[in-house]
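Visitor: I should like a close look at the aromatic pairs of this model and the residues around them. Please then continue to a few other parts for context.

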Amino acid sequence: MDETEKTAATSRVELPDDAVPIIATRNLVLFPGIVLPVALGREESIAAAQEAVRTGRKVGLLLQRDPAVERPSATDLYEIGVLASVVRYVTGPDGTHHLVCQGESRFRMLQIVRESPFLAARIQALPDADNKGPQIEARLDALKQRAMETLTLLPQVPTDLARTVQAIESPGQLADLIVSFMDVKPAEKQEMLETIDLRERLDKVLKLLAHRMEVLKITRDITQQTQTAFGERQREAVLREQLHQLQKELGESDGPDSETAELEKAIVAAAMPPEVEEHARKELKRLQRMNEASPEYGMTRSYLDWLVALPWGKLDVEDIDIERARRVLDEDHYGVEKVKRRILEFLAVRKLNPEGRSPILCFVGPPGVGKTSLGQSIARALGLKFVRASLGGVHDEAEIRGHRRTYIGALPGNIIQGLRKAGTRNPVFMLDEIDKLSASHQGDPSSALLEVLDPEQNSTFRDNYIALPFDLSRVLFVATANQLDTIPGPLRDRMEIIQLTGYTQEEKLQIAKRYLVQRQLKANGLTPEQVTITDEALSRVISDYTRESGVRNLEREIGALLRHAAMRIAAGEATTVRFDADDVPAVLGPPRFENEVAQRTSVPGVATGLAWTPVGGDILFIESARTPGGSGKVILTGQLGDVMKESAQTALSLVKSQTSELGIDPKCFENSDIHVHVPAGAIPKDGPSAGVAMYISLTSLLKGKSVRPDVAMTGEISLRGLVLPVGGIKEKTIAAARAGIRKVILPARNRRDLEDIPQSTRSLLEFVWVERASEALEVALGEPVVSAKAGTEKSGSAKAGKNGQAEKSAA
């Protein structure tokens, strides 16, 4: 007896009248009125089907919740299924079993009565209430209409299917028929099967059918567009071939052959190196074998266009005349004598040794001091082309080296693009904002620039797009930056740094008279005869309406004055306009900046410090306050960095250690809190140059004596009271002069920086060079403050008076 006969024998146990054999399906949902074949694979399913055939019973089909379960129990099956009659049971030659069944009605599974050798369960019939009414009839009509529209979107639909849909008058039967044939997930079909309420079921089917219609419409549109595009390409290919044959018969040469000939001539004219020319001819042969309709044809043609357009062998003649270069620099720039002298030295060396490797100049300074225009002046002095590439915000290495040709839309990098634009191999190439490069997952542009700016390597620079060596050794690279900190060390090592600091008030006045006013007159359509701006008016604009290292805001304010004049002249109110100092507020409004040093330092506890910023120097107020009834706590506010916080702690510790010499009651530290604040709290501040100012601010507070309003200071201190050197002396002293300061306290070890300070600034300031904090305190408070016990701290200090010469005096 085989396994099938054993199964049949063991299954001959009568079932209760309200029980039916259950067949669990993995992905099949049968609906009432639908005839479907069911493939049987599990022994339980085969036994259930054979029992139904033997006893003439109906069989229940239930969907599994998880298709992967091999032997489902009651909890693995949905409760609602379809009761079906067996139309035919077929056993194939290969031993497979198939059951053809027709769904009759829904049922709910109540209780499993048998699990072996097949599942059997008591069920409760769920009749389909085929009720009528206006709401149901309206939904039936809508469902028929939407079903017919869907059928028109489906390919190869049987003709009798549309007639069947129109002939069905039962709403429930139509809904079941549509869902049964829709391409939706088994879980969605099961949801429809479990929806007993007819109105709700019709709404769900309508919604599901509407979504399916939209998908089919989009699919149809995409197919039509694809076919149209393909047809157009075929049509273009046929027409192009016909045109080619006609041109060939007529003897004309406007086809691909003529393009090839033009490229051949361009390759010869480009004077390429042998390696490059060989590669270009190889690409040209590939282009000849390609079909013009091929996408690769356009990519190869673009590549060849780039190759023949690059200046492989073109060099402009450098006409270096030192006197003319000096005249050009003086015409374009006022002041910056040290920078102009270095540029002239650079040009002189290049004239004497044209084949030598020139250094890479990098102009570093605040915005608006003329870094970019210096590069343009170098190009004008040499008679060379000028090219500029802005590197601010560049974070992709491909912006420097280019994209590989495998990418669609690939292009060379900014270096090769700039050389093509210049049309020569030796232009002046400015790399603007080199300090604002940033690395990302797309590479590090600053590392790519190492090859560009290295004289040992850039003679064989290889762009990813060109994929051939290009000689950059004759390019005169000039870079600009606002600060050096953000430039990586290896890149900074390849450049010669030339510092450009801010302009003094006198320099700004001369720049405005020589350049800015003339430029704004031209920009506003005016002539010097129509508008006059006096020196006093320009000086007031500089002092009251701008506070910057460069001259960009100054030019904007001059532009505002001239626009006001242009409006008056255009309106016929005046033929000429003159601006004096008293006329400026009427146009620009009340002064935006004022000398607030006197009023800020009029109370004890406030000292004026000097700070360096990426855009130049600035003054910085240090405010201290004492809160009685405290616990000796120190409060630091103003968004101070770690270095400034440590400077404040060091200054306070130094004051505490000198209480007897300074005449301060030590108990004041125990019974009160000390609060140190640096105004402009929204701006982060940090740096190692605020120690002296914090020491003087705390001492002024605790002694109850105000700091002199015309004194500013910079320098770091140690716990032994020594004043340590700091950087940015030139920028800080210029800012002090701009703010109306008359005396500046500087570390004695910074005396070497005196030569870098412009003569015009030195003539306005008195410099006091100190070695110890006590010396700075005496100068700031205007009287001796250290008792005789501190006599060992006395030393000499050098002061530079208004004549700019150092002189000795007692500290």
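Guide: What follows treats the aromatic pairs, then a helix crossing, a covered helix and two single residues. The model is a predicted one.

The count of aromatic pairs comes to 4. One of them joins Tyr303 and Tyr465 in an edge-to-face arrangement, with 5.7 Å from centre to centre and 70 degrees between the planes. Tyr303 belongs to helix H10 (residues 295–309), whereas Tyr465 is in the loop between strand S10 (461–462) and strand S11 (469–470), so this pair ties together parts that lie 162 residues apart in sequence. Tyr303 and Tyr465 are both buried.

Another of the pairs consists of Trp312 and Phe470, and this one is tilted: the centres are 4.9 Å apart and the planes stand at 55 degrees. Trp312 is placed in the loop between H10 and helix H11 (322–332) and Phe470 in strand S11, so here the parts tied together are 158 residues apart in sequence. Burial is assigned to residues under 20% relative accessible area. Trp312 therefore counts as buried at 7% relative accessibility, and Phe470 is buried because its relative accessible area is 2%.

Arginine side chains also meet aromatic rings. The ring of Tyr303, already described as a partner of Tyr465, has the charged end of Arg405 over it, 3.7 Å from the ring centre. In a second case, the charged end of Arg420 sits over the ring of Trp306, at 4.3 Å from its centre.

The discussion now turns to a helix crossing. Two packed helices are described by the angle between their axes and the distance between the axes. For helix H18 (residues 505–523) and helix H19 (residues 535–545), the axes come within 10 Å and cross at roughly 120 degrees. The crossing of H18 and H19 is right-handed. On the H18 side, the contact is made by Gln505, Lys508, Leu509, Ala512, Lys513 and Val517; on the H19 side, by Asp535, Leu538, Ser539, Ile542 and Ser543. By character, the residues of this contact divide into 5 nonpolar, 3 polar and 3 charged.

Helix H29 (residues 773–781) is mostly covered, with 9 of its 9 residues buried. Among these buried residues are the charged Glu775 and Glu778, together with Leu777, Val779 and Leu781. Just after H29, Gly782 adopts a positive phi of about 80 degrees.

Two single residues complete the account. Thr150 lies in helix H3 (residues 134–153), and its relative accessibility of 7% is why Thr150 counts as buried. Apart from its neighbours within four places in sequence, Thr150 is in contact with Leu209, Met213 and Leu216. Of these contacts, Met213 is 63 residues from Thr150 in sequence, yet the C-alpha atoms of the two are 5.8 Å apart in space.

Ser85 is found in strand S4 (residues 80–91). Ser85 counts as buried because its relative accessibility is 18%, and the cut-off for burial is 20%. When residues up to four places away in sequence are not counted, Ser85 touches Lys58, Val100, Cys101, Gln102 and Glu104.

Conventions. Residues numbered from 1 in each chain as written. Heavy atoms only, no water. Axes fitted to C-alpha atoms, helices over the stretch in contact; angles between N-to-C directions. Helix = DSSP H or I, 4+ residues; strand = E, 2+ residues; numbered from the N terminus. Left-handed = near helix turned anticlockwise from the far one by under 90°. Contact = heavy atoms within 4.5 Å. Phe/Tyr/Trp six-rings, centres within 6.5 Å; stacked < 30°, edge-to-face > 60°. Buried < 20%, exposed > 50% of the residue type's maximum accessible area, 1.4 Å probe, protein only. Lys NZ or Arg CZ within 6 Å of the ring centre and 35° of its normal.
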